[in-house]
Amino acid sequence: MKKIFARPRSLKDTLMHYCPGCTHGIAHRLIAEVMDELDIRERTVGVAPVGCSVFAYNYFDCDFQQAAHGRAPAVATGIKRVQPDCIVFAYQGDGDLASIGTAEIIHAAARRENITVIFINNAIYGMTGGQMAPTTLPGQATTTSPGGRDVENKGYPIRVSELMATLEGAAYVARVSLHNPAGIARARRAVLQAFRYQLEGKGFSLVEMVSTCPTNWGLSPLAALKWLEEHMLPAYPLGVFKDIQGGGQG
Amino acid sequence: MSEPILMKGNEAIAEAAIRAGCRFFAGYPITPQNELPEYMSRRMPEVGGVFLQAESEVAAINMLYGASGAGARCLTSSSSPGISLKQEGISYMCGAELPAVIINIVRGGPGLGNIQPAQSDYFQATRGGGHGDYRTVVYGPASLQEMVELVMEAFDVADRYRNPVMVLGDGILGQMMEPVVFADDQVREPQPKPWATTGARGRERRVLSSIYLEPEDLDHHNWKLEAKYEQMRQKEARYELVQMEDAELCLVAYGTTARICRTALEKARSAGLKVGMIRPITLWPFPVKAFGEAGANLRAYLVVEMSTGQMVEDVRLAVNGARPVAFYGKTGGAVMLPQQVVDALQDLAAREGVGR
């Protein structure tokens with residue numbers, strides 16, 4: 001019988017700790033598929049953040065460093081500068097990247113660090129139990145915005161891809177979504193492009209993945225996908241925000 | 001043997017690091033250590049190394065985490081407020097067992113303080129300003145020659161224990177010029193690092209991390225680290241004894257202050273006081289052994305620091321009540337004069353009935 005679907009070589013054969021319906025598993029798989037396709041598993045070094053994906057290193061079968069909260073782009077910078085032939089990627093959530101690590105992500109891109117960042121935006125702090133994130137939507141209830149995020153005193157969400165696209169050192173910035181098969185297929189192409197740009201030495205690449213957190217959103221996995229589509233996509237439009245090879249919004 | 005070169009302290013540290021095989025530097029501007037990164041920005045490209053001006057001290061130490069984890073000999077430098085920001089990364093590097101050398105050209109604090117020389121970061125350096133059970137070897141050199149030798153050795157010690165090492169200078173040591181000799185035999189050969197994340201080519205993948213969620217796992221990890229720190233206590237403590245054979249009063253001082261005390265010691269001896277000095281070279285591990293070697297004539301200690309009294313606590317622990325321990329300090333860059341130390345010695349002698 002012909003095998004038509006299997007675990008990517010770059011993923012370890014182990015159970016994941018993520019909650020049912022969480023999209024981290026899909027994001028991990030896409031990265032692993034791209035590592036297989038580009039045949040870079042043996043030269044890739046990943047950087048795990050603080051957050052639900054702190055244990056990402058348990059799932060990828062490549063070298064990994066676990067970074068302090070928000071510092072993954074600085075850690076990735078150190079690795080890439082010392083081992084320029086390695087393919088270095090950081091995997092960060094919204095609290096990690098867009099709150100405590102805002103300086104590190106912006107300056108890594110501004111320096112034109114030749115690294116790839118996968119940014120999981122699920123509009124909430126997952127591991128700590130559902131607090132308000134920098135990407136939490138106006139009106140969205142969290143454990144630290146129990147009445148819903150009130151923009152009068154809690155401000156507005158940060159649109160990371162739009163922000164990063166303004167930096168000249170960024171070669172490729174795209175926002176994708178993991179809520180349906182078509183979105184996942186586009187996400188895979190974006191991850192492939194981001195790693196390709198690093199292989200070609202084109203500079204900094206970032207793929208923002210609009211993701212779910214059924215547990216902390218208080219929704220079933222299916223309802224969470226629907227909530228993502230109805231609430232997050234209007235706030236976080238999908239597309240390629242920066243492509244130094246001529247692409248743009250679209 | 002090379003010829004002596006007249007160098008500024010901050011530049012001598014940078015050159016020593018390069019000669020010790022350091023090939024990665026990340027830092028952020030702060031006075032009084034700016035000549036160090038400036039020198040590195042010129043020198044690193046000449047040896048194929050990496051110089052990075054980071055966006056913050058926090059980023060700089062985390063760049064070292066990555067670079068050290070990728071196998072490079074790494075250096076960062078800063079001054080007091082910047083070292084406070086690096087504490088997060090130092091804790092993580094101890095937890096993940098990553099070697100690096102960290103220079104603190106200490107200035108006045110707390111807060112923004114000033115840019116004058118100080119020794120008020122002793123607690124931060126020796127107790128670990130970061131979180132968790134960790135230790136770092138801390139050197140307190142007293143001359144530029146000693147500083148370059150200790151900086152070079154610091155890279156070996158860091159690699160040997162897979163742990164950060166700190167060198168505590170001060171605004172005077174960073175800014176002054178002295179002749180230094182870089183001995184040819186001090187050039188280090190890079191050692192293999194079979195734990196570095198360099199890409200899993202034909203081998204099992206490697207992971208560098210400081211997280212151990214299971215209580216038993218973290219307990220085991222911490223006791224493994226403690227065993228390493230105990231090795232440091234046994235093997236790395238260093239000190240110098242000055243005229244201790246017949247001493248009735250003992251000065252205890254490190255770094256720049258030890259130089260002032262050396263002059264004070266001679267002046268006090270000329271005035272008839274039998275004074276000696278213990279000069280700790282490692283501030284951690286603290287050279288406790290030096291205090292156990294005190295002669296029968298010894299009556300009291302005078303600890304002299306550019307702080308309101310930090311190392312004095314370690315001296316009291318080491319002396320353990322056997323003799324009185326007095327303190328004399330100046331802060332904020334108001335460096336003590338040798339005569340002021342002599343006056344403090346004479347006060348102590350009078351109180352303790354020494355020389356009568």
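Two strands pair if DSSP finds at least two bridges between them, and helices (H or I, at least four residues) and strands (E, at least two) are DSSP runs, numbered from the N terminus. With that in hand, let's look around.

This is a predicted model, in which local features need pLDDT of at least 70 and side-chain atom pairs count only at pLDDT 80 or more, while totals for chains, interfaces and linings use all residues. Residues are numbered from 1 along each chain as its sequence is written, and chains are lettered from A, ligands from 1, in the order in which they are written.

**Stop 1: where the chains meet**

Select A:Q65 and B:L208 to begin: they are bridge partners, B:L208 sitting in β9(B). Widen the view to strand β2 of chain A (residues 63-66), which runs parallel to β9(B) and is joined to β9(B) by two bridges.

Now show the whole contact (C-beta atoms, placed from the backbone, within 7 Å). Chain B brings 32 residues and chain A brings 28. On the chain B side, the elements giving two or more residues are β3 (50-53), α3 (57-69), α4 (80-96) and β9 (207-208). Colour α3(B) next, since its nine residues are the largest share of that side. Colouring by class gives 16 nonpolar (Ala, Val, Leu, Ile, Met, Phe, Trp, Tyr, Cys and Pro), five charged (Asp, Glu, Lys and Arg) and 11 polar residues (the others, Gly among them).

**Stop 2: a covered helix in chain A**

Pick residues 72-82 of chain A, helix α2, where 11 of 11 residues are buried (20 or more other C-beta atoms within 10 Å of their own; 12 or fewer is exposed, in between is partly exposed, with C-beta atoms placed from the backbone). Among them are A:P73, A:K80 and A:R81.

**Stop 3: the sheet of chain B**

Move to the seven-strand open sheet of chain B, ordered β3-β2-β4-β5-β7-β6-β13 with mixed pairing. Its edges are β3 and β13 (282-284), each pairing on one side only.

Inside the sheet, find β2 (24-27) and β4 (74-78) of chain B, parallel and joined by two bridges; B:F25 stands opposite B:L75. Then add helix α2 of chain B (35-46), which lies across β2, β3, β4 and β5 (100-106) at about 140° to β3(B) (axes are lines fitted to C-alpha atoms, for helices over the stretch in contact; angles run from 0 to 180 degrees between N-to-C directions).

**Stop 4: B:E240**

Finish at B:E240 in strand β10 of chain B (239-242). Why is B:E240 partly exposed? Because B:E240 has 17 C-beta neighbours inside 10 Å. Leaving aside neighbours within four places in sequence, B:E240 is in contact with B:R279 and B:I281.

Note on methods. Two residues are in contact if their C-beta atoms, placed from the backbone, lie within 7 Å.
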